[in-house]
Structure formats: C-alpha cells, structure tokens
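This report describes a single protein chain, from one covered helix out to the whole fold. The sequence and structure follow.

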Amino acid sequence: MKILLLTELYDPIVNGVITSVKSLKYGLEQKGHEVRILTLGSKTSYDSTQGVYYLSSYRVPFIYPGARVNIHPDLALYLDILNWGPDIIHTQNEFSTFRVARHLHSDLGASHIHTYHTVYEDYTHYFTSSPRIGKRMVAQATKILLNRVDQVIVPSEKVANLLLSYQVHAPIHIIPSGIQLNQFQQQASLDDIHCLKQSLGIPEDTFIALYLGRLAKEKNIHELLAYIQQMKQPNFHFLIVGNGPDRDCLEAQVQAASLSQRVTFAGQISADQVGIYYQLADVFLTASTSETQGLTYIESLASGTPVICREDPVIDAIVVDGWTGYQYRNFSEFEQAFQALATNPGHLKELGTNAQRFAMETYSSEAFAERVEACYDEALSQNTLSFHY
C-alpha cells in the first residue's frame, strides 16, 4: 500500500503523537509498504530522503503551545501527492492536516483513517474558562469530524467509550500505540550515566525519581511537588525533564516550598537522549489523568524503570501494582509505593525486569503496524464493496 500519515507536528519535536507516528511509519515500512508523512513547517518543501512533505504554516501559540495553522495548501505540493496516489490517508490530528486529508479523500477516493490521540476535554482551559462549555464544544466538534472518516483508531477503551458518548458512529478500533523500542534496549554505559548525574548536580548514590514530558497544567505535576514536599524519605532527588507553559509556575512552587536541593529542572532534551534519562532514574513519576494511553509510561517500562502514577483506568493493563509499578489515589498510597521501591533494591530490580519484559512483548512497532494494517485492509475492502455497489 501507499500510505500518507498526516500530523500537525513532526521531528525534531518530541511528544506522544509524534512517537506514535514514527513507530507506525517504521513498522509499516518493515512490512513493505510505502509510507510518507505530511506535516506543517515554516515553508512548503518535500524531503525525499525522509519521505516528508512540509506544508507552510503560521505559529499560533495563543491557541496551544507549539500549535501551527495552514491557511491554503500549496498547489504544487498537493498535486505531487495526488500524482503519487496514496491508498490510505491516515490523520493524527483534527486541525489543518485533517482539512487537507478531506480534500485528498474527495479527489482520490482513498480511505480516510483517523487516530484520536487526545482527550480534548482535559485541554479546554486553553480556550475557555468554562469546563462545561468547553466539553460541549469538544463533543460536538469531535462528532462532526469523526463521522466523516472511514475508520477511527483509539489507543484505549477509555477513549473508545468517550467517542461513543459523543455519538461517533464510524467504526472504532482499539489499537494501543507501539514504540520503536531499540533506543530503550540499548543500555547506556555506567560512565555515561555517571557523567549525566554530574552535569545535573545529582550525587552518585541518590535515589532518582523522574518526570519526563510536557510541563502543562493537565499533567498535574504540581501534585507531585506537593507530595515530594511532604515526603520523609531521605536521600532522593526529583528530576523534571521537559518544557511547557507551566514551567514558571512549577519552578515558583519549588522555590516557595524550599525544594531546590531536591528538585532539578533539566529542560527540553533531544529525542536521542530520552533513553539515557529513563535509565538514569530509579522510578518514573506521573500524576496525569489526561492520557489516552501513556506512551511515556511504556517508554519507562521498556527502559526497565518502574512507574508510580495516579490511578487511571487507561493504564490498568500497563502499571500493575507490585508487578510493573504502583498506582496511587492519595498521598498515603504514593508514599507507601515510593518507600517500597526506594528502600528495597531487590523489589526495585524485580519490578524493573518485569516492566522491561512486558513492554518489549506488548508494544513493539511491528505489533502496532500489524494491527493498523488490518484496519487499513478493512477500510479498503469497504471502499471496494461501496464502489461495486
């Protein structure tokens, strides 16, 4: 098949959607398909070595940090895609590239698949002060957009149920996103980890808790800092990796709580550094309940690092208490989980081994691509039946 994956953002930016797209591209290409990417950039171009179309766009950070918008697709680039003639158009976002996909669907008759990655109900604070109005807007817009496509892919049952509540009637497939696990399988040297600790100002024998991701309100990092402040556990350090609109507020919280000696903000890192940061850490912490699947959880597990996270049905099959990590509902449970790992090296190692084995067996790019390929086949079959009818 010829497959066009459309995403608002792509390399070198790091987020869950881009991780999923790159993993899918890799897995589909391993299966012999021809895959190209359409994304937004500062100017229109085509990188033939990477198979990436860039559509000129404008930055609109007032809508959402990092957001871009395209007004009019470049005609020459659009014609180039038409001449290539993809069989499958697979969108990953609901904005500018979705609009381009609808034009391509109309002109080519190609099947339109859409992956719904983001629970926008958790992001309404970016455009309205009323959660009730925001949720109503999200539900209506999602219903209108997704009932136009041939198939919908979601990463979890939680998201599938949400779309059904929005009255989305397109066929829905639950397919957890896969990850290119090779960078997490490659063990960093002890010297590299030692040097990284030194550069971050973390003593060698310190128990390290890590958060890695966007620093945004919906990630609930302020709760982790509040819990860290209450902890009586000695000799641990909380490393926060990433950037985002909530960073200034979080740094102010650290200063106000006199946590500067225990908390380090490492800032944004490149994609090729992610693996060593997971391996540097003893445990991964997150308090988010806005995840549709939680790819950072899986990355951490694939690195052999157990997870402590706020309870959320979406990750029940990923973070299993006492096996790959712990879920908590309050500070008491958080503290118990933290101490269980920080004070028992044998238990920590056991969970790390379980975590890595589970991630490697369940979330490979190849397994991901195989399940998505079946969805493509179903969509193409329906298109053929519709044509003959």
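## Helix H11 and its cover

Helix H11 (residues 295-302) is mostly covered, with 7 of its 8 residues buried. Buried here stands for under 20% relative accessible area, exposed for over 50%, and partly exposed for the range in between (1.4 Å probe, protein chains only). Helices (H or I, at least four residues) and strands (E, at least two) are DSSP runs, numbered from the N terminus. The model is predicted: local features need pLDDT of at least 70 and side-chain atom pairs count only at pLDDT 80 or more, while totals for chains, interfaces and linings use all residues. Residues are numbered from 1 along each chain as its sequence is written, and side-chain values use heavy atoms, with hydrogens and water left out.

The buried residues of H11 are Leu295, Tyr297, Ile298, Glu299, Ser300, Leu301 and Ala302. Their cover includes helices H1 (16-30), H6 (182-185), H10 (274-280) and H13 (345-362), together with strands S14 (283-286) and S15 (307-310). Contact means heavy atoms within 4.5 Å. After H11 comes Gly304, which has a positive phi near 80°.

## Overall fold

The protein has 14 helices and 16 strands. For 389 residues, a compact globule would have a radius of gyration near 21 Å, and the 22 Å of the protein agrees with this. The radius is taken over C-alpha atoms, and the globule rule is 2.2 Å times the number of residues to the power 0.38. Along the principal axes, the C-alpha trace spans about 70 × 45 × 40 Å.

Of the 389 residues, 53% are buried. Among contacts between residues at least 6 apart in sequence, 67% join residues at least 24 apart. The accessible surface comes to about 17,500 Å², and 51% of that surface belongs to carbon and sulfur atoms. Areas come from the Shrake-Rupley method with a 1.4 Å probe; for residues, only the protein chains shown count as cover.

The protein carries 28 positive and 40 negative charges, and the mean positions of the two sets are 6 Å apart. Lys and Arg count as positive and Asp and Glu as negative, with His and the chain ends not counted. Each charge is placed at NZ of Lys, CZ of Arg, CG of Asp or CD of Glu.

## Selected positions

Lys2 lies in strand S1 (residues 2-7) and is partly exposed, because its relative accessible area is 29%. Leaving aside neighbours within four places in sequence, Lys2 is in contact with Glu34, Trp84, Gly85, Pro86, Asp87 and Ile88. Gln339 is 337 residues from Lys2 along the chain, and their C-alpha atoms are separated by 51 Å.

Glu373, in helix H14 (residues 365-388), shows another pairing of chain separation and distance: the C-alpha atoms of Glu373 and Leu28 are 345 residues apart along the chain and separated by 7.7 Å. Glu373 counts as buried because its relative accessibility is 17%. Beyond neighbours within four places in sequence, Glu373 is in contact with Met1, Lys31 and His33.

Thr142 belongs to helix H4 (residues 131-146) and is buried at 6% relative accessibility. Not counting residues up to four places away in sequence, Thr142 touches Tyr116, Leu163, Tyr166 and Val168.

## Cysteines

A disulfide is a pair of cysteine sulfur atoms within 2.5 Å, and by this rule the count is 0. Cys195 is partly exposed at 46% relative accessibility, whereas Cys309 is buried at 0%.

## Backbone details

Most residues other than glycine have a negative phi, and most peptide bonds are trans. Two loop residues with positive phi are listed below.

| Residue | Phi | Loop | Relative accessible area |
|---|---|---|---|
| Asn235 | about 55° | between helix H8 (221-230) and strand S12 (236-241) | 43%, partly exposed |
| Ser258 | about 55° | between helix H9 (247-256) and strand S13 (263-267) | 66%, exposed |

Neither Asn235 nor Ser258 is a glycine. A cis peptide bond joins Asp11 and Pro12, with omega about 5°. Pro12 is found in the loop between S1 and H1.
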